[in-house]
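Trainee: Could you walk me through this protein with a few questions and answers? I'd like to see how each answer is reached.

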Amino acid sequence: MDAAAALRASPLLSGFTDTGIGILAGIASPRSYPAGTPLFVENMLSDTLIIVADGRVGLSSKNDKGADLAMGELGPGDWLG
């Protein structure tokens with residue numbers, strides 16, 4: 001999926017015009033990550049917005065014993081960051 005199509009698929013950007021989507025697509029950096037790669041870590045500062053184009057992203061947090069606690073999943077069109 002190209003950047004413009006991924007941006008159009010996101011409800012976050014549903015009010016954007018084609019021109020606005022084109023501008024964002026021009027500065028977007030499409031990336032792929034191997035399964036299991038942490039995209040963000042709790043309490044980490046970030047300057048990145050990720051819009052999921054393909055695949056699934058698992059959301060988790062650590063419990064008080066340090067074990068992962070599954071919190072949900074994101075798919076195409078969803079965003080995080």
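What follows is a short chat about a predicted model.

Trainee: What pattern do the helices and strands follow along the sequence?
Mentor: Start with the tally: the protein has 2 helices and 4 strands. Now put them in order as you read along the sequence, and you get α-α-β-β-β-β.

Trainee: How many bridges pair strand β2 with strand β3?
Mentor: Strand β2 covers residues 57-62 and strand β3 covers residues 68-74. Val57 shows you one end of the match, with Leu74 as its bridge partner in β3. The strands pair in the antiparallel sense, and the number of bridges is 6.

Trainee: Which residue in the hairpin of β2 and β3 takes a positive phi?
Mentor: Look at the piece of chain between the two strands, which has 5 residues. One residue there has a phi near 90°, and that's Gly66.

Trainee: Which residue does Arg8 form a salt bridge with?
Mentor: Side chains of opposite charge can pair when their charged atoms come close. For Arg8, the closest N and O atoms of the pair are 3.7 Å apart, and the cut-off is 4 Å. The partner is Asp18.

Trainee: Why does that pair tie together separate parts of the chain?
Mentor: Check where each residue sits: Arg8 is in helix α1 (residues 3-8), while Asp18 is in helix α2 (residues 18-27). The pair therefore ties together parts with a sequence separation of 10 residues.

Trainee: Is Asp18 buried or exposed?
Mentor: Buried needs under 20% relative accessible area, and exposed needs over 50%. Arg8, at 48%, counts as partly exposed. Asp18 has 57% relative accessibility, so Asp18 counts as exposed.

Trainee: Which side chain meets Glu73 in a salt bridge?
Mentor: The N to O distance here is 3.0 Å. Glu73 belongs to strand β3, and the other residue is in the loop between β1 and β2, 17 residues apart from Glu73. That partner counts as exposed, at 55% relative accessibility. The name you want is Arg56.

Trainee: How many salt bridges does the count come to?
Mentor: You've met Arg8 with Asp18, and also Glu73 with Arg56. Add Asp68 with Lys62, another 3.0 Å pair, where Asp68 is exposed at 55% and Lys62 is partly exposed at 49%. The count comes to 3.

Trainee: What percentage of the residues in the protein is buried?
Mentor: Use that cut-off again: buried means under 20% relative accessible area. Apply it to the 81 residues, and the buried share is 22%.

Technical notes. Residues are numbered from 1 along each chain as its sequence is written. This is a predicted model: local features need pLDDT of at least 70, side-chain atom pairs count only at pLDDT 80 or more; totals for chains, interfaces and linings use all residues. Side-chain values use heavy atoms; hydrogens and water are left out. Buried means under 20% relative accessible area, exposed over 50%, partly exposed in between (1.4 Å probe, protein chains only). Two strands pair if DSSP finds at least two bridges between them.
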